[in-house]
Amino acid sequence: MRRTVLEQFPAGGPRGSWPAEEFAAARRCEGTAAEVVMDLEQDAFLVVVPQQATDGGR
């Protein structure tokens, strides 16, 4: 599944702070299917949405 990254947040945030989750929740309230995933290579949380399938010229 392909995804589009909306925002990136460093994984080392202050204890008790969840900025990626808060950002994703706000997008979901707006009707966007946002979710948080971890990018281990960059040590960051990414807020992503599923990429829309293209018609393929049909």
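**Exercise 1. Strand β3 and its surroundings**

Task: In this predicted model, work out how many of the 7 residues of strand β3 are buried, and what follows for the strand.

Solution:
- Step 1. Find strand β3 at residues 44–50.
- Step 2. Apply the cut-off: a residue is buried when its relative accessible area is under 20%.
- Step 3. Count: 5 of the 7 residues pass this test, so β3 is largely enclosed by the rest of the structure.
- Step 4. For the background, look at the whole protein chain, where buried residues make up 19% of the 58 residues.

**Exercise 2. Building the sheet**

Task: Find the order of the strands in the open sheet, and say which strands stand at its edges.

Solution:
- Step 1. List the elements. The protein chain has 1 helix and 3 strands, and along the sequence they follow the pattern β-α-β-β.
- Step 2. Pair β1 with β3. Strand β1 covers residues 3–10, runs antiparallel to β3 and is joined to it by 7 bridges. As an example, Thr4 has Val49 in β3 as its bridge partner.
- Step 3. Pair β2 with β3. Strand β2, residues 35–39, is also antiparallel to β3, with 5 bridges between them. Here Val37 has Leu46 as its bridge partner, while Val36 stands opposite Val47.
- Step 4. Put the pairs together: the order is β1-β3-β2. β1 and β2 stand at the edges with a single partner strand each, so one side of each has no neighbour in the sheet.
- Step 5. Add the twist: on average, neighbouring strands of this sheet are turned by 35° against each other, direction ignored.

**Exercise 3. The turn and a residue that touches it**

Task: Find how many residues lie between β2 and β3 in their hairpin, and decide whether Pro10 is buried or exposed.

Solution:
- Step 1. Follow the chain from β2 to β3: the hairpin has 4 residues between the two strands. In this turn, Asp43 has a positive phi of about 50°.
- Step 2. Now go to Pro10, which lies in strand β1. Leaving out residues up to four places away in sequence, Pro10 touches Asp43, Ala44 and Phe45.
- Step 3. Compare the two kinds of distance for Pro10 and Leu46: they are 36 residues apart in sequence, and their C-alpha atoms are 8.8 Å apart in space.
- Step 4. Check the accessibility. Exposed means over 50%, and Pro10 has 63%, so Pro10 counts as exposed.

**Exercise 4. Two rings and a charge**

Task: Decide how the rings of Phe9 and Phe23 are arranged, and which parts of the chain this pair ties together.

Solution:
- Step 1. Recall what to look for: a pair of aromatic rings is described by the distance of the centres and the angle of the planes.
- Step 2. Count the aromatic pairs: there is 1. The ring centres of Phe9 and Phe23 are 5.8 Å apart and their planes meet at 55°, so the pair is tilted.
- Step 3. Place the residues. Phe9 is in strand β1 and Phe23 in helix α1 (residues 19–29), so the pair ties together parts 14 residues apart in sequence.
- Step 4. Check how covered each one is. Phe9 is buried at 16% relative accessibility, whereas Phe23 is partly exposed at 23%.
- Step 5. Look at the ring of Phe23 once more: the charged end of Arg27 sits over it, 4.3 Å from its centre.
- Step 6. Finish with the helix itself: α1 lies across β1, β2 and β3, and runs at about 145° to β1.

Notes:
Residues numbered from 1 in each chain as written. Predicted model: local features only at pLDDT ≥ 70, side-chain atom pairs only at ≥ 80, totals over all residues. Heavy atoms only, no water. Buried < 20%, exposed > 50% of the residue type's maximum accessible area, 1.4 Å probe, protein only. Pairing = 2+ DSSP bridges. Contact = heavy atoms within 4.5 Å. Phe/Tyr/Trp six-rings, centres within 6.5 Å; stacked < 30°, edge-to-face > 60°. Lys NZ or Arg CZ within 6 Å of the ring centre and 35° of its normal. Axes fitted to C-alpha atoms, helices over the stretch in contact; angles between N-to-C directions.
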